[in-house]
Amino acid sequence: MIAKHSATLHGHRTSFTLEDPFWQELKSIAKSRDMPLARLIAEIDDGRNREVNLSSALRLYVLAWIKAQAKAAEPL
């Protein structure tokens, strides 16, 4: 299921849509990094290419995070 979410980034309210698995993983990443979800979203927003919308940037971040975790878990 896809749902609309909103967050305040640098004092401005913004909204984005994410499928539930991406939303849950984003919350899990914020928790594992010991940071508020809003700060993680702001960090991703600050680092994204402005040609990529925020929803896509969040999905790409989650994908990159999962890939990095899988690579780190590979045996040497």
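Here is a walk through this predicted model, from its nonpolar core out to its salt bridges.

Let's start with what the record says. UniProt, in an unreviewed entry, lists residues 3-65 as "domain: Ribbon-helix-helix". In the model, that span is 57% helix and 24% strand, and its end C-alpha atoms sit 21 Å apart.

Now for the inside. The largest nonpolar core is built from 17 residues. If you want to find it on screen, pick out Phe16, Leu26, Leu40, Ile41 and Leu58, which have the most contacts within that core. Several elements chip in: strands S1 (2-9) and S2 (12-19), plus helices H1 (20-32), H2 (37-47) and H3 (54-73), each give at least two residues to this core. Leu58 makes a handy place to park the view. Leaving aside residues up to four places away in sequence, Leu58 touches Phe16, Leu18, Leu26, Ile41 and Ile44.

On to the charged side chains. How many salt bridges does a search of the whole structure find? The count comes to 4. One of them pairs Glu19 with Arg59, with N and O 2.9 Å apart. Glu19 belongs to strand S2 and Arg59 to helix H3, so this pair ties together parts of the chain that are 40 residues apart in sequence. As for how open Glu19 is, its relative accessible area is 26%, so it counts as partly exposed.

Another bridge joins the side chains of Glu43 and Arg33, at 2.7 Å from N to O. Here Glu43 sits in helix H2 and Arg33 in the loop between H1 and H2, so the link spans 10 residues and connects distant parts of the chain. Both partners are partly exposed: Glu43 has a relative accessible area of 35%, and Arg33 has one of 31%.

Then there is Asp45, which forms a salt bridge with Arg50, the closest N and O atoms being 3.3 Å apart. Are these two buried or exposed? They split: Asp45 counts as buried because its relative accessibility is 10%, and the cut-off for buried is under 20%. Arg50, on the other hand, is exposed at 53%, since exposed means over 50%. So this bridge runs between a buried acid and an exposed arginine. The pair doesn't stand alone, either: Asp45, Arg48 and Arg50 are linked in a network of salt bridges.

Definitions and conventions. Residues numbered from 1 in each chain as written. Predicted model: local features only at pLDDT ≥ 70, side-chain atom pairs only at ≥ 80, totals over all residues. Heavy atoms only, no water. Core = buried A, V, L, I, M, F, W, Y, C linked by side-chain atoms within 4.5 Å. Buried < 20%, exposed > 50% of the residue type's maximum accessible area, 1.4 Å probe, protein only. Helix = DSSP H or I, 4+ residues; strand = E, 2+ residues; numbered from the N terminus. Contact = heavy atoms within 4.5 Å. UniProt positions renumbered as here; feature names shortened; annotations may be inferred.
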